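Trainee: I'm new to this one, so could you walk me through it with a few questions and answers?

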Amino acid sequence: MLGLSAAIATAIASVALYLQLLDNGPLRYAVGGWGAPLGIELYADGLSVLMLLMSALVGLGVSLYALRYFKHDAQPAGFWPLWLMMWTGLNALFLASDIFNLYVTLELIGLSAVALVALAGNRHALSGAMRYLLVSLLASLCYLLGVVLLYHAFGTVDIQLLGMAMKASPASYAALGLMVGGLLLKSALFPFHFWLPPAHASAPTPVSALLSALVVKASFYLLLRLWFDVFPAANVDFGWLLGTLGALAILWGSVQALRQSRLKMLIAYSTVAQLGYLFIPFALLSPQAWQGGIYFVLSHALAKAAMFMAAGNILKFSGHDRITDLDRIAQRLPITMTAFCLAGVSLMGLPPSGGFIAKWLMLDAALTHQQWMWALVMIVGGLLAAAYVFKVVGYAFTKADVQDNKPAESIPALMEWAPLALAVTAILLGLNANYPMALLSIGNPLAGVSP
Amino acid sequence: MSQEILYALAGVGLFVLGLHGLIVYAHLLRKILALNIMGSGVFLVLIALGRRSAVADPVPDAMVITGIVVTVSATALALVLLLRLKEMTGHTDLEQNDRHHEQ
Amino acid sequence: MNRISSVVLLLLLASLALILGLAVISLAQPSSGIGQLVNMQMSNSGVDHPVTAVLLNFRGYDTLLEMAVLLLAVIAVWSLGSRSSPQQTPSNHSNPILLALFRMLTPLMIVVAGYLLWVGAHAPGGAFQAGSILAAAGVLALLYDQRLAGRLSSWSLRFSLILGCAMFVAVATGVMLGGAHLLQYPLPWAGSLILLIELAATISIGLTLTALFYGTSTGERP
């Protein structure tokens, strides 16, 4: 309960910051009274607060779910402290404006994420956690070397000051490559995605939800900030590379998702595919595409968390998560299946849902600029997503060939309603896009994009 | 070429050597050690370039202290995870582990 | 690894080294850097040593987060569960060299740690250095006798581990009551506040590193 009250308090604080932002516009705060470049500054604009609110919403949902989930298991004593530490790191990351500070927050998030994955205790979880840890540390070190080069080249580690001082030089190119490479590893963009499915699928369910929804978005957010604010010129030069990798991620991830026989692995590969969409706007160079991208971040976070929680319910209920043996789950766990289907609607990009708005914005931007390839990839991705969602839904309605006569565990109501609430929010995002869009424009974070 | 740049280049060398070790070796302990070497390389570059000017720049020193602490924490976690993995599976590398449970 | 892929790997790594080396060489000229700013503001920082000033005052927020990372490491290691197999030699009482080292070095290390903590205000030193020496003393004690780990009761151990973070956060937010920014020490008290934080941090760091060395939880439930 203590953990839950901390979660609620954090969520309230995020909302308070949101209200302050609405009143005052973008906020800059000098910690210790020392402004940059001597001290560390915190910065909040529309994008940061949007991320904070997203973490608060998903975090609350998953916390409520976890309250009941862990009562049934043998008590893993570490969940709450680790999750709250991770949330601390996430909040610190979204508000930071200092690249070295960001390194420490990245480590905070990464280490807690690894420990959370390992909580499941079985060999898959442990080896998934180990692989995740090695990749995460490698990525952080690459990022840190980039920070080192930037500091020694320009004399500051503040994002705003760096952006003003940036000029092309061997050091800044090297730093760009290192930092982007490290962050792409952490965001699991193809071909750096190999660590994600084992880690996300074998983790305890609330952890999978948090990882897919929030942690990979944190490094993506950081990549965005660096791309726009520190290295604005790179947008035109290298955006196509990220977009291509994103397209490959969509295709590869969706195909792999279709081939999976276990539900959680399918959802994990779906994350790999959906993360590809986030990188398409890098190639489109239009603010509208970026609005779509950020909206995608939001709706995917909600939908994926809901989907993982629904899968967790199914796993608890039947004792397994083999897709072909989902014996009439739809009749036996109706709320859970509704949550799953609604989340699937958002992932597929069907109206009315947040996913639809996001894809619509991106497709429209692609077609306006006559970039047919990207539009085609996104449409194919949507079709493949529909395929793997319907695969699960189809089996959920049919009787299994082999009847498993194990007695089914009952699922507490909170565990069913939490995913439903998040999935419904994903749908609601599609109906009412004004508020998030208005928030996003505060402080004009997308100013670095040139059409 | 001044002395500091030589040290910084040595740091780059350590970074690349560590990266090679991380990719090539299969045993997890060697991977962890390789990561530590990479970390030392980064810190060496950070400190060495901080001594370019006549008056030494204190900020890199502070950053390195922070970096070392973070790296130590991460290494500790990695080592304990390795021990648990060994206890649980008897293997100390990831590929053998994967092959084992695919059978 | 077969021949071709190892050659490809070596080529890729060599080109990476080349790019990074070029980047480093291009930085041969000193840049503006923050060094001068630090020197200008030293009198306002409460300590005399620039590195301590940066670590605990100008960039204190980083240090706060880093204390959190240390605490996180212990929580994470403990969450991985206790060891199932007992250690081979719980007590090395019979080893004469270890005994002598333990008797002579441990108190010496604790004193050195205290000195380092104190001197950090005007010479190289400070919380992290002192904490590391303290941890070395702890490791030596554990090498001497594993069972010492069980002596410290669970709650006092946990309290000491949290002490560093808690003190830091308390000071950081406490100064806000006076209307200042987060972590903005009022000028006449800066030195003492820094020392207070460093004292708590030293204890925490020493115990955290020792606990990390021990590797698992002590197995006691509160």
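Trainee: What share of chain B's residues count as buried?

Mentor: This is a predicted model, where local features need pLDDT of at least 70, side-chain atom pairs count only at pLDDT 80 or more, and totals for chains, interfaces and linings use all residues. Residues are numbered from 1 along each chain as written, with chains lettered from A and ligands numbered from 1 in the order written. A residue is buried if 20 or more other C-beta atoms, placed from the backbone, lie within 10 Å of its own. Of the 103 residues in chain B, the buried share is 50%.

Trainee: Is chain B spread out or compact, and what is its radius of gyration?

Mentor: Chain B has four helices and zero strands, helices being DSSP runs of H or I with at least four residues and strands runs of E with at least two. Its C-alpha trace spans about 60 × 25 × 15 Å along the principal axes. The globule rule (2.2 Å times the number of residues to the power 0.38) gives 13 Å for 103 residues, so chain B is more spread out than a compact globule, with a radius of gyration, taken over C-alpha atoms, of 18 Å.

Trainee: Which element gives the most to the side of chain A that touches chain C?

Mentor: Counting contacts as C-beta atoms, placed from the backbone, within 7 Å, 38 residues of chain A touch 35 residues of chain C. Elements giving two or more residues to that side of chain A include strand E1 (27-31) and helix H5 (123-154). The most, ten residues, come from H4(A).

Terms used. Two residues are in contact if their C-beta atoms, placed from the backbone, lie within 7 Å. A residue is buried if 20 or more other C-beta atoms lie within 10 Å of its own, exposed if 12 or fewer, and partly exposed in between; C-beta atoms are placed from the backbone.
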